[in-house]
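Please open the model in your viewer and set it to show side chains as sticks. The tour below moves from one selection to the next, and says at each stop what is there.

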Amino acid sequence: SGFIPSKTSCKFGNTFVPGSYGASTSSSSSVRCRVPPTRGAGEVLVRVSVNGGTDYSDVALGFLYEMSATVQALRPSKALSGAVGQITTVIGNHFREAAEIQCKFGPSDVVAGRFLSSTLAACIIPMRAQGTVAVVMETPRGVEAIGMALLELEGSPVNLLLRPSSGPVRGGTRISLDNAFERQRSPLNVTCRIDGIISTVESVLGSNSVDLILSPAAFLFYDDPA
């Protein structure tokens, strides 16, 4: 208590923060200090002065500087447009388990992220139109991580034809999927997942068809790891 608006200042370790830089009082019992930059991570003691820095409070509180989170890449870096439930992994550094990580796609689509490790976080991709979008990470209080990565959203398979369209429950049927890809979409590195089970792709037949061995089927979609 006893803070004076015109004379209050803060000190982070040995760094003086004058009122003109970012120390302000909201009442006689509350002061707000702008955190100054530092050279590295670690804890410093914060003290407050009410006489312009001549004397400081006997009581000091700890403030922890942490390494800034960084974003380097996405895996996969491609996804289907107009689809929901797809997941991409953000590769970076200094992610913290205790932090509420958020993934920001473009200027407005913000979704909750999931901490995997100090270098990995998972994000559910929101439904978006075709195109390329910048992905950044936000830590608590809206602080953005350093760097960003680009996600390319491509067109979904259209006019999909299954031949044959039925088979025994034991699986093992060889089927062909025609019109599986848009003409501009590469069929390389494609796997097929049928009711959650990955089926073996035996061959790529031309630019827009694949040949695979069928597992018990209820629903089929594409998973491109590129």
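Is Lys78 buried or partly exposed? In this predicted model, Lys78 is partly exposed, with a relative accessible area of 29%. Keep Lys78 selected and add Glu154, with which Lys78 forms a salt bridge whose closest N and O atoms are 3.9 Å apart. This pair links distant parts of the chain, since Lys78 belongs to strand E8 (residues 78–80) and Glu154 to strand E15 (residues 149–154), 76 residues apart. Unlike the partly exposed Lys78, Glu154 is buried, at a relative accessible area of 13%. A search of the whole structure finds five salt bridges, and the next two stops visit others from that search.

Select Glu138 and Lys104 next, and look for the salt bridge between them, where the closest N and O atoms are 3.8 Å apart. Glu138 lies in strand E13 (residues 131–139) and Lys104 in strand E10 (residues 102–105), so the pair ties together parts that are 34 residues apart in sequence. Glu138 is buried, with a relative accessible area of 12%, and Lys104 is buried as well, with a value of 18%. Now add Glu144 to the selection, because Lys104, Glu138 and Glu144 are linked in a network of salt bridges.

Move on to Asp109 and Arg128, whose side chains meet in a salt bridge at 2.7 Å, N to O. Asp109 lies in strand E11 (residues 109–117), while Arg128 sits in the loop between strand E12 (120–124) and E13, so this pair ties together parts that are 19 residues apart in sequence. Asp109 is partly exposed, with a relative accessible area of 25%, and Arg128, at 24% relative accessibility, also counts as partly exposed.

The last stop turns to aromatic rings, for which a search of the whole structure finds two aromatic pairs. Select Phe12 and Phe63, which form an edge-to-face pair, 5.7 Å centre to centre and with 85° between the planes. Phe12 lies in strand E1 (residues 9–12) and Phe63 in strand E6 (residues 61–65), so the pair ties together parts that are 51 residues apart in sequence. Phe12 counts as buried at 6% relative accessibility, whereas Phe63 is partly exposed, at 29%. Leave Phe63 selected and add Tyr65, as these two rings form an edge-to-face pair, 5.2 Å centre to centre with 80° between the planes. Tyr65 is buried, with a relative accessible area of 12%. Show the three residues together to finish, for Phe12, Phe63 and Tyr65 form one aromatic cluster.

Technical notes. Residues are numbered from 1 along each chain as its sequence is written. This is a predicted model: local features need pLDDT of at least 70, side-chain atom pairs count only at pLDDT 80 or more; totals for chains, interfaces and linings use all residues. Side-chain values use heavy atoms; hydrogens and water are left out. A salt bridge is a side-chain nitrogen of Lys or Arg within 4 Å of a carboxyl oxygen of Asp or Glu. Helices (H or I, at least four residues) and strands (E, at least two) are DSSP runs, numbered from the N terminus. Buried means under 20% relative accessible area, exposed over 50%, partly exposed in between (1.4 Å probe, protein chains only). Rings of Phe, Tyr and Trp (its six-membered ring) pair if their centres lie within 6.5 Å; planes under 30 degrees apart count as stacked, over 60 as edge-to-face and the rest as tilted.
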